[in-house]
Amino acid sequence: MLLLLVGLPAFPPLITYALQEGLKAAGFQATWRAAGGYLLAGFELREVRLEGKGLRLEVGRLQLGYNLLGLRRKELPLRIWAEEGDLHLSWEALLPQE
């Protein structure tokens, strides 16, 4: 049973489901060909298209690493790495002036 609990965050369908729901809740639309990694520490996506809120990303490979223990200190250290693609940002949409 313990092995199942430790291994579950590395299960690709769970990673895909968690990302789809999180991105949908944040107002983003995304597609990717494959997902992998470990949900508690980071993940990797292949052939990614992400769009929403002043951001459009198309990359061959996207890695996102984080440390969830930082949330106890109200911070979330991120490491983002993208390969073979384009990123388009609209600063006005991302950071509205009010």
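Start at the hairpin of β3 and β4 and select K53. Two residues lie between the strands here, and K53 takes a positive phi near 50°. Keep in mind throughout that this is a predicted model.

**The strands around the hairpin**

Now select residues 42–52 for β3 and residues 55–66 for β4. The two strands run antiparallel, joined by 10 bridges. Pick R46 and look across to β4: its bridge partner there is R61.

Stay on β4 and add residues 78–89, which form strand β5. β4 and β5 are also paired in the antiparallel sense, over 11 bridges. For a marker on this pairing, select L64; opposite L64, in β5, stands I80.

**A nonpolar patch**

Keep I80 selected and switch on the surface. Add L40, L68, L71, L76 and L78: with I80 they make a nonpolar surface patch of about 560 Å². L78, one of the patch residues, is found in strand β5.

**Salt bridges**

How many salt bridges does a search of the whole structure find? The search gives seven. Visit three of them, beginning with the strand you already know.

Return to R46 and show E44. These two form a salt bridge, with the closest N and O atoms 2.8 Å apart. Now bring R61 back into view: salt bridges that share partners join E44, R46 and R61 into one network. So R61 appears twice on this tour, as the bridge partner of R46 in β4 and as a member of that network. Is R46 buried or exposed? R46 falls between the two and counts as partly exposed, at 32% relative accessibility.

Next, select R33 and E47. Their side chains meet in a salt bridge, N to O at 3.0 Å. This pair links distant parts of the chain, 14 residues apart. R33 sits in the loop between β1 (29–31) and β2 (34–38), while E47 belongs to strand β3. R33 is exposed, because its relative accessible area is 55%. E47, at 48% relative accessibility, counts as partly exposed.

Last stop: helix α2, residues 12–25. Select K24 and E21. Both lie in this helix, three residues apart, about one turn. Their side chains meet in a salt bridge of 3.5 Å, N to O. K24 counts as exposed, at 55% relative accessibility. E21 is partly exposed, with a relative accessible area of 34%.

Notes: Residues numbered from 1 in each chain as written. Predicted model: local features only at pLDDT ≥ 70, side-chain atom pairs only at ≥ 80, totals over all residues. Heavy atoms only, no water. Pairing = 2+ DSSP bridges. Helix = DSSP H or I, 4+ residues; strand = E, 2+ residues; numbered from the N terminus. Patch = residues over 30% accessible without salt bridge, like charges linked within 9 Å, V, L, I, M, F, W, Y side chains within 5 Å. Areas by Shrake-Rupley, 256 points an atom, 1.4 Å probe, with all protein chains shown as cover. Salt bridge = Lys/Arg side-chain N within 4 Å of Asp/Glu carboxyl O. Buried < 20%, exposed > 50% of the residue type's maximum accessible area, 1.4 Å probe, protein only.
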